[in-house]
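Here are a few exercises to work through at your own pace. Have the sequence and the model open beside you.

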Amino acid sequence: MKALSEAGLRLFVERGLEGVTIDDITQAAGVAKGTFYRYFEDQTALVDALLEPARRELLDGMEACGQALAVARDVEAMFDAYRAVAAVIASALLQYPNVVRLYLQECRGPAVGARIKIVEMARLVSRHAVDITEKAHTHGLLRPIRPAVSGLAVVGAVERLLLAVLSEEEIGNPLELPDALTTLVLDGLRLPPDTAPGRRKLDGRPGRP
């Protein structure tokens, strides 16, 4: 199972999901084709198994962040909650770099074949991001921009930074990314201290006097 998983992940990253067959995977793993079906029903099941550790860690971290934000009453508590989820993302990147690369390569494609599990994960991540943002809005800590807008914007920024790290772009020390990203996002989204509540609507447009 380990040989099949490693061979499948390597080929998926090199060629994309649609460029790899079960024959390719078994040949690369050095096993008979029947061995594949002893462990996996099909390629979709293999992709699901590859995603599971990173997916569980990431979604658990986002759930914990949401719970922390639900009770956050000040900006520092909000920062701590977001720092925690940023650290989880960094941990997933360090532990499962090729799984993260595969996710980034395939998450915007059509939900067909083995890509279904990756698109499902992308939708879960987006849903949690919006939910987290809604919780941060509960106590008036963020600018009144629609959570669906700001939450998804943050997801896009995180994905681009992860791709930059994996592509070895010149962005500095990857270990500094969690704090940098948290500061960048929250300085942009948090409500300025001198802003009166209710002055702007959730679409970001000025409210009526």
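Below are four exercises, each with a worked solution.

Before you start, this is a predicted model, so to speak of local features we need pLDDT of at least 70, while side-chain atom pairs count only at pLDDT 80 or more and totals for chains, interfaces and linings use all residues. Residues are numbered from 1 along each chain as its sequence is written, and side-chain values use heavy atoms, with hydrogens and water left out.

**Exercise 1. Cysteines**

Count the disulfides, then find out how buried Cys65 and Cys107 are.

Solution. Step one is the rule: a disulfide is a pair of cysteine sulfur atoms within 2.5 Å. By that rule the count is 0. Step two is the burial scale: buried is under 20% relative accessible area, exposed is over 50%, and partly exposed lies in between (1.4 Å probe, protein chains only). Cys65 comes out at 2%, so call it buried. Cys107, at 6%, is buried too.

**Exercise 2. Aromatic rings**

Find the aromatic pairs and classify each one.

Solution. Start with the cut-offs: rings of Phe, Tyr and Trp (its six-membered ring) pair if their centres lie within 6.5 Å, and planes under 30 degrees apart are stacked, over 60 edge-to-face, the rest tilted. That gives 2 pairs. Phe36 and Tyr37 sit 5.4 Å apart centre to centre with 80° between the planes, which makes them edge-to-face. Phe36 is buried at 0% relative accessibility, whereas Tyr37 is partly exposed at 43%. Next, Phe36 and Phe40 are tilted, at 5.5 Å and 45°, and both are buried. Put together, Phe36, Tyr37 and Phe40 make one aromatic cluster.

**Exercise 3. The core**

Work out which helix gives the most to the largest nonpolar core.

Solution. A nonpolar core is a set of buried Ala, Val, Leu, Ile, Met, Phe, Trp, Tyr and Cys residues joined through side-chain atoms within 4.5 Å. The largest one has 54 residues, and those touching the most other members include Phe12, Leu69 and Val125. Elements giving two or more residues include α1 (2-15), α4 (43-71) and α7 (116-138); helices here are DSSP runs (H or I, at least four residues), numbered from the N terminus. The top contributor is α4, with 10 residues.

**Exercise 4. Two helices**

Describe how α6 and α7 pack.

Solution. Axes are lines fitted to C-alpha atoms over the stretch in contact, with angles from 0 to 180 degrees between N-to-C directions. For α6 and α7 the angle is about 90°, with the axes 9 Å apart. Since 65 to 115 degrees counts as roughly perpendicular, that label fits this pair. Contact (heavy atoms within 4.5 Å) involves Leu102, Tyr103 and Glu106 of α6, and residues of α7 including Ile118 and Val125.

Notes. Parallel < 35°, antiparallel > 145°, perpendicular 65-115°, else oblique.
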